[in-house]
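Opened the notebook to go through this one piece by piece. Plan: overall fold first, then a few residues that caught my eye.

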Amino acid sequence: MQQSSIDSNTREINKKRSLGLLLFIVPLAQISVDLYSPSLPYISKQFLTTNALVQNTITLYFLGFGLGQLFFGPLSDFIGRKRTIVLGLFCFFLFSIFLVSFLLFRELGFYTLFDFRLLQVFLRSLILHLP
């Protein structure tokens, strides 16, 4: 009898943790675009390029997300969803910090921003297609 109450308590705690993690993960899709899109005119001025070329980074973003789902879907089936989510969160945040630090402290070209943005969304697709 004692063992069953411990198991039910553990399951309840795991459900709460999973729900908290999902509530943290799901808004990443909207935040990644909603914080980026208002800065598009400033990005075109900073890199001395056209607005249309800068808007292509949004298209590239969704393209990378689709390709990432094709790649990481079978990977999550092979190694498990929980490990894939943890790996994806770690890689996404590490690469986001890497992206911001290089954009702030180094003089990079516009096409480097394209590359960084594609890799960032590719890693983001690792976490967001799973829940």
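**Entry 1: a surface patch**

I started with Phe24, which sits in helix H1, residues 2–25. Buried or exposed, or something in between? I get a relative accessible area of 45%, so Phe24 goes down as partly exposed. Phe24 also belongs to a nonpolar surface patch with Leu21 and Phe93. Together the three residues offer about 250 Å² of accessible area. Note to self: this is a predicted model.

**Entry 2: the whole chain**

Stepping back, I counted six helices and zero strands. Read along the sequence, that gives α-α-α-α-α-α. The chain has 131 residues, and 32% of them count as buried. About 8900 Å² of the chain is exposed, with carbon and sulfur atoms supplying 67% of that area. I also checked the contacts between residues at least 6 apart in sequence: 80% of these join residues at least 24 apart.

**Entry 3: Arg117**

Next I looked up Arg117, in helix H6, residues 110–128. Is this arginine, Arg117, buried or exposed? Its relative accessibility is 5%, and the cut-off for buried is under 20%, so Arg117 counts as buried. What does Arg117 touch once residues up to four places away in sequence are set aside? I found Ser32, Tyr36, Thr57 and Tyr61. I also took the C-alpha to C-alpha distance from Arg117 to Ser96: 9.0 Å in space, for 21 residues in sequence.

**Entry 4: the cores**

Then I went inside. The largest nonpolar core has 13 residues. Those with the most contacts inside this core are Tyr36, Leu40, Ile43, Val54, Ile58, Phe110 and Leu113. Helices H3 (40–46), H4 (51–79) and H6 each supply at least two of the core residues. Which helix gives the most to this core? That is H4, with five residues.

I picked Leu113 for a closer look. Ignoring neighbours within four places in sequence, I have Leu113 in contact with Tyr36, Ile43, Phe47 and Leu103. Apart from the largest core lies another one, of five residues, and I noted Ile25, Leu89, Phe92 and Ile127 among them.

**Entry 5: an odd phi**

While checking backbone angles I stopped at Leu48. Its phi is near 55 degrees, a positive value in a residue other than glycine. Leu48 is in the loop between H3 and H4. With a relative accessible area of 77%, Leu48 is exposed.

**Entry 6: aromatic rings**

Last, the rings. How many aromatic pairs does the structure hold? I have four. For Phe71 and Phe72, the ring centres are 4.9 Å apart and the planes stand at 75 degrees, so I logged this pair as edge-to-face. Phe72 counts as buried, at 6% relative accessibility.

Phe72 pairs with Phe122 too, and here the geometry is tilted: 5.0 Å centre to centre and 50 degrees between the planes. Why does this pair tie together parts that are 50 residues apart in sequence? Because Phe72 lies in helix H4 and Phe122 in helix H6. Phe122 is partly exposed, with a relative accessible area of 25%. I closed the page by noting that Phe71, Phe72 and Phe122 form one aromatic cluster.

Terms used:
Residues are numbered from 1 along each chain as its sequence is written. This is a predicted model: local features need pLDDT of at least 70, side-chain atom pairs count only at pLDDT 80 or more; totals for chains, interfaces and linings use all residues. Side-chain values use heavy atoms; hydrogens and water are left out. Helices (H or I, at least four residues) and strands (E, at least two) are DSSP runs, numbered from the N terminus. Buried means under 20% relative accessible area, exposed over 50%, partly exposed in between (1.4 Å probe, protein chains only). Contact means heavy atoms within 4.5 Å. Accessible areas come from the Shrake-Rupley method with a 1.4 Å probe; for residues, only the protein chains shown count as cover. Patches are made of residues with over 30% relative accessible area and no salt bridge: like charges are joined within 9 Å, nonpolar side chains (Val, Leu, Ile, Met, Phe, Trp, Tyr) within 5 Å. A salt bridge is a side-chain nitrogen of Lys or Arg within 4 Å of a carboxyl oxygen of Asp or Glu. A nonpolar core is a set of buried Ala, Val, Leu, Ile, Met, Phe, Trp, Tyr and Cys residues joined through side-chain atoms within 4.5 Å. Rings of Phe, Tyr and Trp (its six-membered ring) pair if their centres lie within 6.5 Å; planes under 30 degrees apart count as stacked, over 60 as edge-to-face and the rest as tilted.
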